[in-house]
Every structure is written in structure tokens, then in C-alpha cells.
Amino acid sequence: MEYRVNKLEQMITQQNETIDALKDKIELLEDKILRLSICKLSNEDYPYYEFILSYNITPDQQAQIARLFTALSQKLSGNLLPPSLKKSESYSTEFLFENSPIRYDDVRDSILKIWPTMDDNLPLALIIAMQEQGLQVEVCEYLISQSKIVVVKSED
């Protein structure tokens with residue numbers, strides 16, 4: 001019995017050493033990626049990807065934003081959205097199920113819920129970057145036009 005306990009303790013020690021080595025490698029990779037993203041030349045073909053790198057948007061946040069824009073595209077096309085969307089997202093999806101046009105403010109608030117940031121202008125910058133990269137162009141153009149209406153109203 002004691003032999004088995006010792007063997008298990010050795011295995012646990014080896015696994016902990018492996019985990020520590022992997023953590024060190026991950027930290028090194030994160031540092032290298034950050035430095036590469038800072039010193040690389042911008043590629044005008046990928047403004048959205050550059051935005052993601054510049055603002056450290058996580059893969060989970062990227063996936064949530066992609067699902068949001070897919071739902072927006074479906075709504076703009078007049079398609080019904082699956083009811084499961086109401087429960088699966090971290091932001092309020094009620095505006096997607098309303099019988100009214102999409103409002104930029106609702107989308108901005110959703111983006112800010114997915115990707116908390118102190119700058120309320122960054123969601124618009126994200127939308128512009130998506131549009132410039134050719135992602136969800138119709139939705140992005142619609143939202144950009146809505147944001148201009150908001151800006152015009154606030155200047156009066």
C-alpha cells in the first residue's frame with residue numbers, strides 16, 4: 001500500500017512540474033505575441049483582426065461578438081431568431097426579439113457587456129473595423145448609419 005502511495009505522489013509531483021513548465025511556456029508565448037503585435041506592420045486587409053489584437057479581445061469575446069452579428073444579420077434579413085438565443089448569451093437579447101428596428105445603442109450596449117471597456121466609442125470602432133475587413137458588411141453599414149444619427153442628435 002505504501003508503495004502505491006509513493007508512486008502516486010511521484011506521479012503528482014511530475015504532473016505538477018509539467019504544469020508549471022507549461023505555464024511558463026504560455027507566459028512566454030503571450031509575451032512574444034504581445035511584442036510581435038506591437039512591432040508588426042499593420043496589414044490594411046485585416047483591420048478587425050488588428051483591432052482584436054490591439055485591444056486584447058479574447059477568443060470567447062470574439063465568438064460572442066460573432067454570434068451577436070449573426071443574429072443581427074438574421075434580424076435585418078427578416079428571419080426569425082431561435083428562442084434559445086435568449087438564454088445562451090451574456091448580454092440582454094430582448095432587443096433582438098422586439099418588433100422594432102435594430103438600434104445602434106442596443107448593439108453598443110451588448111458589445112460593452114461582452115467586452116467591458118471604459119470608452120463608449122470603441123464599439124463603433126470595432127464595427128467600423130469589421131466593415132472595413134468585409135465582415136457582416138450590411139449589418140455594420142446599418143449600425144454605422146445609426147450611430148451617425150445618434151451623433152447628429154446629440155450635437156443639437
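In which helix is the place of leucine 124? You will find the answer in Figure 5, after a look at the whole chain. Please keep in mind that this is a predicted model.

**Figure 1. The whole protein is built from helices, with zero strands.** Eight helices make up its list of elements, and from the N terminus on they run α-α-α-α-α-α-α-α. Along the principal axes, the C-alpha trace spans about 75 × 40 × 25 Å. The radius of gyration is 22 Å, whereas a compact globule of 156 residues would have one near 15 Å. Of the 156 residues, 28% count as buried.

**Figure 2. A patch of negative charge sits on the surface.** Five residues gather here: Glu17, Asp20, Asp24, Glu27 and Glu30. If you would like a landmark, try aspartate 24, which is found in helix α1, the stretch covering residues 2-39.

**Figure 3. Leu29, Ile33 and Leu53 form a nonpolar patch on the surface.** Together these residues have about 270 Å² of accessible area. Isoleucine 33, one of the members, lies in helix α1. That is also the helix where aspartate 24 of Figure 2 is found.

**Figure 4. Asparagine 56 and glutamine 136 are two loop residues with a positive phi.** Asparagine 56 is not a glycine, and yet its phi is about 50°. Look for asparagine 56 in the loop between α2 (47-54) and α3 (59-76). With a relative accessible area of 57%, asparagine 56 is exposed. Now move along to glutamine 136, in the loop between α7 and α8 (137-155). Glutamine 136 is not a glycine either, and its phi is about 45°. Is glutamine 136 buried or partly exposed? Its relative accessibility is 29%, so glutamine 136 counts as partly exposed.

**Figure 5. Leucine 124 has its place in helix α7.** Here is the answer to the opening question: helix α7, which covers residues 122-133, holds leucine 124. This leucine is partly exposed because its relative accessible area is 21%, and the cut-off for buried is under 20%. Cysteine 140 is 16 residues from leucine 124 along the chain, and the C-alpha atoms of the two are separated by 9.2 Å.

**Figure 6. Glu98, Arg103 and Asp106 are linked in a network of salt bridges.** Side chains of opposite charge can pair when their charged atoms come close. Follow the network from glutamate 98, whose side chain meets that of arginine 103 at 3.2 Å, N to O. Arginine 103 also forms a salt bridge with aspartate 106, this time at 2.6 Å, N to O. How do these residues differ in accessibility? Glutamate 98, at 34%, counts as partly exposed, and arginine 103, at 35%, counts as partly exposed too. Aspartate 106 has 18% relative accessibility and therefore counts as buried.

**Figure 7. Aspartate 105 and arginine 108 meet in a salt bridge.** The distance between their side chains is 3.1 Å, N to O. Why are aspartate 105 and arginine 108 separated by about one helical turn? The reason is that they are three residues apart in helix α6, which covers residues 104-114. Aspartate 105 counts as partly exposed, at 31% relative accessibility. In the whole structure, a search finds five salt bridges, including this one.

How values were computed
Residues are numbered from 1 along each chain as its sequence is written. This is a predicted model: local features need pLDDT of at least 70, side-chain atom pairs count only at pLDDT 80 or more; totals for chains, interfaces and linings use all residues. Side-chain values use heavy atoms; hydrogens and water are left out. Patches are made of residues with over 30% relative accessible area and no salt bridge: like charges are joined within 9 Å, nonpolar side chains (Val, Leu, Ile, Met, Phe, Trp, Tyr) within 5 Å. Accessible areas come from the Shrake-Rupley method with a 1.4 Å probe; for residues, only the protein chains shown count as cover. A salt bridge is a side-chain nitrogen of Lys or Arg within 4 Å of a carboxyl oxygen of Asp or Glu. Lys and Arg count as positive and Asp and Glu as negative; His and the chain ends are not counted. The place of a charge is taken as NZ of Lys, CZ of Arg, CG of Asp or CD of Glu. Helices (H or I, at least four residues) and strands (E, at least two) are DSSP runs, numbered from the N terminus. The radius of gyration is taken over C-alpha atoms; the globule rule is 2.2 Å times the number of residues to the power 0.38. Buried means under 20% relative accessible area, exposed over 50%, partly exposed in between (1.4 Å probe, protein chains only).
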